[in-house]
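Biologist: I'm new to this one, so could you walk me through a single part of it up close? Here is what I'm looking at.

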Amino acid sequence: MDVLDQLAEPAVALSGRVDDLLAVAGAPDRHRIWPLLRRLRVLPGDAVRAMLGLRPEALADAAEVDAELRRAYHEAGAVLADGGSWQGPAAEAYAAHRRGLAGHLTELSRRADATAAYAEAVAGWIAESRYALARTLADVLASAEAVAVTTARTGRSGLTPSGVEPGGLPVGPAAAEIGARILSTVDEAYDRAEALPRRWAAELDLLEHRPPQLPAVRPDDGRIFL
């Protein structure tokens with residue numbers, strides 16, 4: 001359990017309240033929440049719940065899988081290393097294929113390491129993003145805007161269309177401010193997430209094995225000499 005888990009219950013309650021108030025009262029014109037809503041296409045409450053669902057532990061097995069793959073590639077490579085005592089054109093063709101497969105296995109092993117490192121980077125991004133959101137939520141939970149949002153009434157005698165509670169307290173701007181702070185943190189995390197695949201693209205491309213191009217062997221040259 002991390003800091004975000006500890007704040008989960010009040011954070012979900014507050015952000016869900018923000019969603020409700022934004023639906024009823026809206027947000028002030030030209031408020032900074034509008035471009036965030038258009039970019040992320042998610043309400044603050046939904047964003048908080050989505051971040052709570054991200055778990056770095058889900059990627060913890062990547063290193064173990066990588067070790068198993070490397071062992072399998074090594075065992076296959078050891079088999080290919082034993083070319084026997086064949087001689088002749090057919091044996092030479094076999095040796096060329098054997099070298100090609102051995103090189104391919106070496107590259108697969110390197111790609112396995114890259115995949116494990118990428119998984120570790122994603123897990124790090126999740127942990128950092130959860131911590132950043134937890135810090136934002138800790139601030140907004142103790143803010144005056146949180147008090148306004150929490151105590152606002154939305155029943156039959158509650159908010160007016162302008163987002164002002166009977167008594168004159170403007171809860172629309174308060175909800176918009178909390179929502180903007182939450183979405184701004186999520187937006188920064190989103191930018192970092194977009195950069196990860198680009199950074200690792202060359203290491204994670206599809207790897208195809210291409211057999212070597214060999215000259216045609218005449219039927220009478222296909223003998224194998226021991």
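Biologist: Which residue follows H2, and what is the sign of its phi? Please take me through the rest of that helix too.

Modeller: Sure, and keep in mind that this is a predicted model. The residue right after H2 is Gly 26, and its phi is positive, near 75 degrees. Now back into the helix itself. H2 has 18 residues, running over residues 8–25. From first C-alpha to last, H2 reaches 25 Å, which is close to the 26 Å expected at 1.5 Å a residue.

Next, what's tucked away? The buried residues of H2 include Ala 8, Ala 11, Leu 14, Val 18, Leu 21, Leu 22 and Ala 25. Ser 15, Gly 16, Arg 17 and Asp 19 are on that buried list as well. As for neighbours, the buried residues of H2 pack against helix H1 (3–6), helix H3 (33–40) and helix H4 (44–53), and also against helix H6 (89–141), helix H7 (144–151) and helix H8 (171–204).

Arg 17 deserves a closer look. This arginine sits in H2 and is buried, yet it has no salt bridge. Asp 20 is the nearest side chain of opposite charge, 5.4 Å away, and a salt bridge has to be within 4 Å, so that pair doesn't count. What Arg 17 does have is a backbone partner: its side chain reaches the backbone oxygen of Val 149 at 2.9 Å.

Notes. Residues numbered from 1 in each chain as written. Predicted model: local features only at pLDDT ≥ 70, side-chain atom pairs only at ≥ 80, totals over all residues. Heavy atoms only, no water. Helix = DSSP H or I, 4+ residues; strand = E, 2+ residues; numbered from the N terminus. Buried < 20%, exposed > 50% of the residue type's maximum accessible area, 1.4 Å probe, protein only. Lys, Arg positive; Asp, Glu negative; His and termini not counted. Polar contact = N/O pair within 3.5 Å; in protein donor to acceptor, adjacent residues only side chain to side chain. Expected span 1.5 Å × (residues − 1). Contact = heavy atoms within 4.5 Å.
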